[in-house]
Amino acid sequence: MLLLPLSMCRPGMRLGKAIYSDDGLVLLGERRELTDTMLNRLERFGIQYLYIEDSRTDDLVFQDIVSPETRARAVGEVKSQFRRMMDDSMKKRSVNGLQLGRAFKSIIDSILDDITSSQDAMLMLVNIHASDHYLFQHSVNVCIYSTILGQAYGYTRDELFTLGLGALLHDIGKTQLPQDVLLKPSRLTNQEFEIIKSHSMLGFKMLKDEPNVPLLSAHIALQHHERVDGSGYPRSIVGDEIHEYARWVGLVDSYDAMTTNRVYRHAMLPHEAMERLYAGAGTLYDQHKIELFRDKVAIYPLGMIVALDTNEIGVVVDVNALSPQRPVVRVMYDADGQSVTPYEIDLSKSLTSYIKEANVEVAEMSAQ
(Lines give C-alpha, C1' and ligand atoms only; values in the text may rest on other atoms or scores of the structure.)
Protein backbone atom coordinates (compact mmCIF):
# COMPACT_ATOMS: atom_id res chain seq x y z
CA MET A 1 0.00 0.00 0.00
CA LEU A 2 0.92 3.60 -0.51
CA LEU A 3 0.08 6.39 1.92
CA LEU A 4 -1.08 9.23 -0.30
CA PRO A 5 -2.33 12.72 0.53
CA LEU A 6 -5.95 13.05 -0.52
CA SER A 7 -4.85 15.64 -3.09
CA MET A 8 -2.84 12.92 -4.88
CA CYS A 9 -5.63 10.33 -4.90
CA ARG A 10 -7.44 9.81 -8.20
CA PRO A 11 -10.63 8.10 -9.35
CA GLY A 12 -9.94 4.45 -10.13
CA MET A 13 -7.50 3.93 -7.25
CA ARG A 14 -8.49 1.30 -4.68
CA LEU A 15 -8.49 1.78 -0.91
CA GLY A 16 -5.90 -0.29 0.94
CA LYS A 17 -7.62 0.21 4.31
CA ALA A 18 -11.20 0.96 5.28
CA ILE A 19 -12.31 4.45 6.36
CA TYR A 20 -14.43 4.66 9.51
CA SER A 21 -17.04 7.26 10.45
CA ASP A 22 -17.36 9.01 13.83
CA ASP A 23 -19.81 6.33 14.90
CA GLY A 24 -17.52 3.41 14.13
CA LEU A 25 -19.26 2.47 10.89
CA VAL A 26 -17.31 1.64 7.74
CA LEU A 27 -17.60 4.70 5.53
CA LEU A 28 -15.68 3.15 2.65
CA GLY A 29 -14.52 -0.45 2.67
CA GLU A 30 -11.13 -1.90 1.87
CA ARG A 31 -10.48 -2.36 -1.89
CA ARG A 32 -13.27 0.09 -2.75
CA GLU A 33 -12.59 1.84 -6.04
CA LEU A 34 -12.53 5.60 -5.58
CA THR A 35 -14.71 8.02 -7.53
CA ASP A 36 -14.75 11.82 -7.74
CA THR A 37 -17.86 11.87 -5.53
CA MET A 38 -16.14 9.76 -2.86
CA LEU A 39 -13.01 11.91 -2.90
CA ASN A 40 -15.06 15.10 -2.50
CA ARG A 41 -16.95 13.54 0.38
CA LEU A 42 -13.73 12.46 2.13
CA GLU A 43 -12.37 15.99 1.75
CA ARG A 44 -15.47 17.36 3.50
CA PHE A 45 -14.83 14.93 6.34
CA GLY A 46 -11.35 16.41 6.81
CA ILE A 47 -9.44 13.29 5.79
CA GLN A 48 -5.92 14.12 4.67
CA TYR A 49 -4.44 10.73 3.72
CA LEU A 50 -5.61 7.42 2.25
CA TYR A 51 -3.95 4.04 2.06
CA ILE A 52 -4.02 3.03 -1.60
CA GLU A 53 -3.36 -0.42 -3.07
CA ASP A 54 -0.09 -0.75 -5.00
CA SER A 55 1.39 -4.03 -6.22
CA ARG A 56 4.98 -2.90 -5.57
CA THR A 57 4.34 -2.36 -1.87
CA ASP A 58 1.80 -5.06 -1.07
CA ASP A 59 4.29 -6.67 1.34
CA LEU A 60 4.06 -3.73 3.77
CA VAL A 61 2.40 -4.44 7.11
CA PHE A 62 0.69 -1.46 8.71
CA GLN A 63 0.23 -1.94 12.45
CA ASP A 64 -2.23 0.38 14.19
CA ILE A 65 -1.15 0.92 17.79
CA VAL A 66 -4.79 1.61 18.59
CA SER A 67 -7.22 -0.46 16.55
CA PRO A 68 -9.58 1.31 14.12
CA GLU A 69 -12.49 -0.06 16.14
CA THR A 70 -11.19 1.39 19.43
CA ARG A 71 -10.43 4.73 17.82
CA ALA A 72 -13.85 4.92 16.15
CA ARG A 73 -15.61 4.06 19.41
CA ALA A 74 -13.60 6.75 21.21
CA VAL A 75 -14.44 9.41 18.62
CA GLY A 76 -18.09 8.38 18.72
CA GLU A 77 -18.27 8.71 22.52
CA VAL A 78 -16.51 12.09 22.43
CA LYS A 79 -18.92 13.24 19.74
CA SER A 80 -21.97 12.09 21.73
CA GLN A 81 -20.88 13.67 25.01
CA PHE A 82 -19.49 16.88 23.53
CA ARG A 83 -22.51 17.44 21.27
CA ARG A 84 -24.72 17.21 24.36
CA MET A 85 -22.63 19.84 26.11
CA MET A 86 -22.64 22.10 23.04
CA ASP A 87 -26.42 22.20 23.10
CA ASP A 88 -27.59 25.67 24.16
CA SER A 89 -30.10 24.26 26.65
CA MET A 90 -27.34 22.23 28.29
CA LYS A 91 -25.10 25.28 28.61
CA LYS A 92 -27.81 27.05 30.62
CA ARG A 93 -27.86 24.27 33.22
CA SER A 94 -25.19 23.25 35.69
CA VAL A 95 -22.49 21.15 34.05
CA ASN A 96 -21.95 19.16 37.25
CA GLY A 97 -23.20 15.59 37.26
CA LEU A 98 -22.16 14.86 33.68
CA GLN A 99 -20.60 11.55 34.82
CA LEU A 100 -17.75 11.99 32.35
CA GLY A 101 -15.45 9.68 34.29
CA ARG A 102 -17.92 6.85 33.95
CA ALA A 103 -18.69 7.63 30.30
CA PHE A 104 -15.05 7.52 29.23
CA LYS A 105 -13.59 4.88 31.56
CA SER A 106 -14.10 1.97 29.16
CA ILE A 107 -12.69 4.06 26.28
CA ILE A 108 -9.48 4.82 28.18
CA ASP A 109 -9.21 1.18 29.29
CA SER A 110 -9.54 -0.01 25.68
CA ILE A 111 -6.86 2.44 24.50
CA LEU A 112 -4.54 1.30 27.30
CA ASP A 113 -5.13 -2.34 26.42
CA ASP A 114 -4.31 -1.66 22.76
CA ILE A 115 -1.10 0.26 23.38
CA THR A 116 0.09 -2.26 26.00
CA SER A 117 -0.05 -4.97 23.34
CA SER A 118 1.87 -2.80 20.82
CA GLN A 119 4.68 -1.44 22.97
CA ASP A 120 7.38 -1.46 20.30
CA ALA A 121 5.30 0.00 17.47
CA MET A 122 6.10 3.45 16.11
CA LEU A 123 3.44 6.16 16.00
CA MET A 124 2.20 6.87 12.47
CA LEU A 125 0.66 10.30 12.94
CA VAL A 126 -1.40 10.94 9.83
CA ASN A 127 -5.07 11.81 9.56
CA ILE A 128 -6.85 8.89 7.87
CA HIS A 129 -10.02 9.06 9.95
CA ALA A 130 -13.32 10.77 9.19
CA SER A 131 -14.91 13.27 11.55
CA ASP A 132 -17.50 15.98 11.15
CA HIS A 133 -15.84 18.25 13.74
CA TYR A 134 -12.12 18.89 14.33
CA LEU A 135 -12.61 18.87 18.11
CA PHE A 136 -13.73 15.23 18.25
CA GLN A 137 -10.86 13.68 16.31
CA HIS A 138 -8.32 16.02 17.87
CA SER A 139 -9.35 15.04 21.40
CA VAL A 140 -8.89 11.35 20.63
CA ASN A 141 -5.57 11.91 18.83
CA VAL A 142 -4.14 13.84 21.77
CA CYS A 143 -5.34 11.14 24.16
CA ILE A 144 -3.70 8.35 22.18
CA TYR A 145 -0.40 10.17 21.63
CA SER A 146 -0.13 11.34 25.23
CA THR A 147 -0.88 7.89 26.63
CA ILE A 148 1.68 6.19 24.38
CA LEU A 149 4.33 8.71 25.43
CA GLY A 150 3.38 8.25 29.08
CA GLN A 151 3.81 4.51 28.73
CA ALA A 152 7.23 4.99 27.11
CA TYR A 153 8.13 7.34 29.97
CA GLY A 154 7.30 4.64 32.52
CA TYR A 155 4.00 5.68 34.09
CA THR A 156 1.88 3.08 35.87
CA ARG A 157 -1.53 2.08 34.51
CA ASP A 158 -3.29 4.29 37.07
CA GLU A 159 -1.10 7.23 36.09
CA LEU A 160 -1.76 6.53 32.41
CA PHE A 161 -5.51 6.53 33.08
CA THR A 162 -5.30 9.97 34.71
CA LEU A 163 -3.10 11.28 31.88
CA GLY A 164 -5.27 9.71 29.18
CA LEU A 165 -8.55 10.98 30.59
CA GLY A 166 -7.17 14.49 31.00
CA ALA A 167 -5.81 14.38 27.45
CA LEU A 168 -9.15 13.19 26.08
CA LEU A 169 -10.96 16.02 27.87
CA HIS A 170 -8.29 18.72 27.58
CA ASP A 171 -10.42 20.82 25.22
CA ILE A 172 -13.80 20.14 26.83
CA GLY A 173 -14.13 23.84 27.66
CA LYS A 174 -14.54 24.53 23.94
CA THR A 175 -17.99 22.95 24.12
CA GLN A 176 -19.06 26.07 26.02
CA LEU A 177 -17.75 28.56 23.46
CA PRO A 178 -19.79 30.23 20.69
CA GLN A 179 -19.48 27.91 17.70
CA ASP A 180 -19.19 30.83 15.26
CA VAL A 181 -15.99 31.87 17.05
CA LEU A 182 -14.65 28.32 17.50
CA LEU A 183 -15.14 27.46 13.82
CA LYS A 184 -14.35 30.85 12.31
CA PRO A 185 -12.54 30.29 8.98
CA SER A 186 -10.50 33.49 9.12
CA ARG A 187 -8.13 35.21 11.51
CA LEU A 188 -9.58 35.85 14.97
CA THR A 189 -9.85 39.34 16.40
CA ASN A 190 -8.13 40.00 19.72
CA GLN A 191 -11.49 39.80 21.47
CA GLU A 192 -12.31 36.49 19.79
CA PHE A 193 -8.92 35.06 20.72
CA GLU A 194 -9.58 35.95 24.36
CA ILE A 195 -12.84 34.00 24.10
CA ILE A 196 -10.95 30.99 22.73
CA LYS A 197 -8.37 31.23 25.51
CA SER A 198 -11.12 30.99 28.11
CA HIS A 199 -11.65 27.30 27.25
CA SER A 200 -8.83 26.24 29.58
CA MET A 201 -10.46 27.70 32.68
CA LEU A 202 -13.93 26.63 31.55
CA GLY A 203 -12.71 23.07 31.12
CA PHE A 204 -11.15 23.03 34.57
CA LYS A 205 -14.35 24.28 36.17
CA MET A 206 -16.34 21.60 34.34
CA LEU A 207 -14.05 18.78 35.47
CA LYS A 208 -12.76 19.67 38.93
CA ASP A 209 -15.84 18.43 40.80
CA GLU A 210 -16.79 15.62 38.43
CA PRO A 211 -17.05 12.24 40.17
CA ASN A 212 -14.53 9.69 38.86
CA VAL A 213 -12.46 12.39 37.16
CA PRO A 214 -9.10 12.77 38.98
CA LEU A 215 -8.26 16.35 39.90
CA LEU A 216 -5.00 16.01 37.95
CA SER A 217 -7.05 15.30 34.81
CA ALA A 218 -8.88 18.59 35.40
CA HIS A 219 -5.53 20.37 35.77
CA ILE A 220 -4.50 19.07 32.34
CA ALA A 221 -7.48 20.96 30.90
CA LEU A 222 -6.42 24.05 32.84
CA GLN A 223 -2.69 23.98 32.03
CA HIS A 224 -2.25 22.46 28.56
CA HIS A 225 -1.62 25.90 27.00
CA GLU A 226 0.94 26.94 29.63
CA ARG A 227 4.52 27.01 28.37
CA VAL A 228 7.75 26.42 30.28
CA ASP A 229 9.00 29.99 29.72
CA GLY A 230 5.78 31.51 31.10
CA SER A 231 4.45 32.65 27.72
CA GLY A 232 1.33 30.47 27.89
CA TYR A 233 -2.12 30.91 29.39
CA PRO A 234 -4.30 31.21 31.44
CA ARG A 235 -1.89 31.92 34.36
CA SER A 236 1.53 32.31 32.68
CA ILE A 237 3.11 29.82 35.08
CA VAL A 238 6.60 28.47 34.34
CA GLY A 239 8.64 25.27 34.35
CA ASP A 240 7.74 22.77 37.03
CA GLU A 241 4.81 24.92 38.14
CA ILE A 242 3.08 23.29 35.15
CA HIS A 243 2.16 19.71 35.98
CA GLU A 244 4.15 17.15 34.02
CA TYR A 245 0.99 15.63 32.54
CA ALA A 246 -0.07 19.01 31.17
CA ARG A 247 3.36 19.49 29.60
CA TRP A 248 2.98 16.17 27.74
CA VAL A 249 -0.49 17.11 26.55
CA GLY A 250 0.58 20.63 25.56
CA LEU A 251 3.31 19.16 23.37
CA VAL A 252 1.14 16.68 21.47
CA ASP A 253 -1.78 19.15 21.32
CA SER A 254 0.49 21.52 19.40
CA TYR A 255 1.79 18.74 17.14
CA ASP A 256 -1.67 17.44 16.24
CA ALA A 257 -2.92 20.96 15.54
CA MET A 258 0.04 21.60 13.22
CA THR A 259 -0.40 18.34 11.28
CA THR A 260 -4.17 18.69 10.75
CA ASN A 261 -5.82 20.65 7.95
CA ARG A 262 -7.84 23.57 9.25
CA VAL A 263 -10.17 25.90 7.41
CA TYR A 264 -7.60 28.71 7.68
CA ARG A 265 -4.38 26.81 6.81
CA HIS A 266 -2.96 23.60 5.37
CA ALA A 267 -1.47 20.89 7.54
CA MET A 268 2.28 20.56 8.01
CA LEU A 269 3.98 17.26 7.22
CA PRO A 270 5.09 15.29 10.30
CA HIS A 271 8.79 16.14 9.90
CA GLU A 272 7.97 19.85 9.46
CA ALA A 273 5.90 19.89 12.66
CA MET A 274 8.69 18.11 14.53
CA GLU A 275 11.13 20.81 13.43
CA ARG A 276 8.71 23.43 14.72
CA LEU A 277 8.54 21.66 18.10
CA TYR A 278 12.34 21.58 18.29
CA ALA A 279 12.41 25.32 17.66
CA GLY A 280 10.49 25.67 20.93
CA ALA A 281 12.66 23.24 22.95
CA GLY A 282 13.56 24.70 26.32
CA THR A 283 11.29 27.69 25.90
CA LEU A 284 7.84 26.38 25.02
CA TYR A 285 8.32 22.65 25.64
CA ASP A 286 10.61 20.36 27.64
CA GLN A 287 13.60 19.24 25.61
CA HIS A 288 13.53 15.65 26.91
CA LYS A 289 9.83 15.32 26.14
CA ILE A 290 10.40 16.36 22.53
CA GLU A 291 13.26 13.88 22.27
CA LEU A 292 11.08 11.02 23.52
CA PHE A 293 8.32 12.10 21.16
CA ARG A 294 10.80 12.13 18.26
CA ASP A 295 11.97 8.61 19.15
CA LYS A 296 8.39 7.26 19.14
CA VAL A 297 7.11 9.00 16.00
CA ALA A 298 7.63 7.79 12.46
CA ILE A 299 7.97 11.24 10.92
CA TYR A 300 8.12 9.52 7.54
CA PRO A 301 5.31 6.96 7.91
CA LEU A 302 5.22 3.65 6.06
CA GLY A 303 3.94 4.05 2.52
CA MET A 304 4.86 7.73 2.18
CA ILE A 305 6.42 8.71 -1.17
CA VAL A 306 9.71 10.57 -0.72
CA ALA A 307 12.47 12.06 -2.86
CA LEU A 308 16.10 11.52 -1.91
CA ASP A 309 18.89 14.04 -2.32
CA THR A 310 19.85 12.16 -5.51
CA ASN A 311 16.37 12.97 -6.94
CA GLU A 312 15.48 9.27 -6.87
CA ILE A 313 11.90 8.68 -5.72
CA GLY A 314 10.70 5.84 -3.55
CA VAL A 315 8.41 4.69 -0.77
CA VAL A 316 9.16 4.36 2.94
CA VAL A 317 8.95 0.62 3.66
CA ASP A 318 10.46 0.33 7.15
CA VAL A 319 11.16 2.57 10.11
CA ASN A 320 14.39 2.36 12.10
CA ALA A 321 13.40 2.46 15.77
CA LEU A 322 16.76 3.94 16.78
CA SER A 323 16.70 6.53 14.01
CA PRO A 324 13.11 7.13 12.83
CA GLN A 325 14.15 10.14 10.77
CA ARG A 326 16.26 7.83 8.59
CA PRO A 327 13.92 5.06 7.35
CA VAL A 328 14.35 2.34 4.73
CA VAL A 329 13.27 3.62 1.30
CA ARG A 330 12.32 1.40 -1.64
CA VAL A 331 13.47 3.32 -4.71
CA MET A 332 11.10 2.96 -7.68
CA TYR A 333 12.03 5.90 -9.94
CA ASP A 334 15.42 7.18 -11.00
CA ALA A 335 16.54 10.82 -11.02
CA ASP A 336 14.86 11.33 -14.40
CA GLY A 337 11.52 9.99 -13.16
CA GLN A 338 11.84 6.70 -15.06
CA SER A 339 10.53 3.51 -13.45
CA VAL A 340 13.27 1.13 -12.25
CA THR A 341 13.39 -2.34 -10.72
CA PRO A 342 12.75 -1.52 -7.05
CA TYR A 343 15.69 -1.66 -4.64
CA GLU A 344 16.03 -0.52 -1.04
CA ILE A 345 18.28 1.98 0.70
CA ASP A 346 18.57 1.92 4.49
CA LEU A 347 19.23 5.56 5.32
CA SER A 348 20.43 4.62 8.82
CA LYS A 349 23.38 2.90 7.11
CA SER A 350 23.73 4.99 3.96
CA LEU A 351 24.56 8.19 5.82
CA THR A 352 25.46 10.20 2.72
CA SER A 353 21.87 10.03 1.48
CA TYR A 354 18.87 11.80 2.96
CA ILE A 355 15.21 12.59 2.30
CA LYS A 356 14.84 16.03 0.78
CA GLU A 357 11.09 16.04 0.12
CA ALA A 358 8.02 14.09 1.23
CA ASN A 359 4.68 13.45 -0.47
CA VAL A 360 6.24 13.65 -3.92
CA GLU A 361 3.69 13.35 -6.71
CA VAL A 362 4.46 10.85 -9.47
CA ALA A 363 2.08 10.77 -12.42
CA GLU A 364 2.68 7.09 -13.12
CA MET A 365 1.86 6.08 -9.56
CA SER A 366 -1.87 5.82 -10.21
CA ALA A 367 -1.34 3.18 -12.89
CA GLN A 368 0.27 0.59 -10.60
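# Questions on a predicted model

Trainee: Between which helices is the loop that holds lysine 174?

Mentor: The structure is a predicted model, and every statement below refers to that model. Lysine 174 belongs to a loop, whose flanking elements are helix H6 (157–168) and helix H7 (179–182). The helices asked for are therefore H6 and H7.

Trainee: Is lysine 174 buried or exposed?

Mentor: The relative accessible area of lysine 174 is 14%. Buried means under 20%. Because 14% falls under that limit, lysine 174 counts as buried.

Trainee: Which residue forms a salt bridge with lysine 174, and which residues does lysine 174 touch beyond four places away in sequence?

Mentor: The closest N and O atoms of the salt bridge are 3.5 Å apart, and the acidic partner is aspartate 171. Aspartate 171 is buried, as is lysine 174. With residues up to four places away in sequence not counted, lysine 174 touches Leu135, Gln179, Leu182 and His199.

Trainee: How many salt bridges does the structure hold, and which residues are linked in a network of them?

Mentor: The structure holds 18 salt bridges. The network links Asp240, Glu244, Arg247, Asp286 and Lys289.

Trainee: How far apart along the chain are glutamate 53 and arginine 31?

Mentor: These two residues form a salt bridge, with the closest N and O atoms 2.7 Å apart. The pair links distant parts of the chain: glutamate 53 is in the loop between strand S4 (49–52) and helix H2 (68–86), and arginine 31 is in the loop between strand S3 (26–28) and helix H1 (36–44). Glutamate 53 counts as partly exposed because its relative accessibility is 26%, and arginine 31 counts as partly exposed at 46%. Along the chain, the separation of the pair is 22 residues.

Trainee: Which helix holds both glutamate 194 and lysine 197?

Mentor: Glutamate 194 forms a salt bridge with lysine 197, the closest N and O atoms being 3.4 Å apart. The two are three residues apart, about one turn of the helix, and both lie in H8.

Trainee: Why does the end-to-end distance of helix H5 agree with its number of residues, and what is that distance?

Mentor: Helix H5 covers residues 134–153, which gives 20 residues. The expected span is 1.5 Å times one less than the number of residues, so H5 should span 28 Å. The end C-alpha atoms of H5 agree with this, being apart by 28 Å.

Trainee: How many residues of H5 are buried, and how many does H5 give to the largest nonpolar core?

Mentor: H5 is mostly covered, with 17 of its 20 residues buried. The largest nonpolar core has 86 residues, and those with the most contacts inside it are Phe104, Leu277 and Phe293. H5 supplies the largest share of this core, namely nine residues.

Trainee: How many residues has the other core that lies apart from the largest one?

Mentor: In soluble globular proteins, nonpolar side chains tend to be buried together. The other core includes Leu4, Leu42, Ile305 and Met332. Its number of residues is 25.

Trainee: Which strands are the edges of the open sheet of five strands?

Mentor: The sheet has the order S8-S7-S6-S5-S9, with antiparallel pairing. Each edge strand pairs on one side only, and these edges are strand S8 (339–346) and strand S9 (355–358).

Trainee: How many bridges join S7 to S8, and which glycine in their turn has a positive phi?

Mentor: Strand S7 (residues 328–333) and S8 run antiparallel and are joined by five bridges. Among the partners, tyrosine 333 is matched with serine 339, and valine 331 with tyrosine 343. S7 and S8 form a hairpin with five residues between them, and the residue with a positive phi of about 85° in the turn is glycine 337.

Trainee: Which side chains of S4 point the other way from Tyr49 and Tyr51?

Mentor: S4 pairs with strand S1 (residues 2–5) in the antiparallel sense over four bridges, and leucine 2 stands opposite isoleucine 52. In a regular strand the side chains alternate between the two faces of the sheet. In S4, Tyr49 and Tyr51 point one way, all four named side chains are buried, and those pointing the other way are Leu50 and Ile52.

Definitions and conventions:
Residues are numbered from 1 along each chain as its sequence is written. This is a predicted model: local features need pLDDT of at least 70, side-chain atom pairs count only at pLDDT 80 or more; totals for chains, interfaces and linings use all residues. Side-chain values use heavy atoms; hydrogens and water are left out. Buried means under 20% relative accessible area, exposed over 50%, partly exposed in between (1.4 Å probe, protein chains only). Two strands pair if DSSP finds at least two bridges between them. A salt bridge is a side-chain nitrogen of Lys or Arg within 4 Å of a carboxyl oxygen of Asp or Glu. Contact means heavy atoms within 4.5 Å. A nonpolar core is a set of buried Ala, Val, Leu, Ile, Met, Phe, Trp, Tyr and Cys residues joined through side-chain atoms within 4.5 Å.
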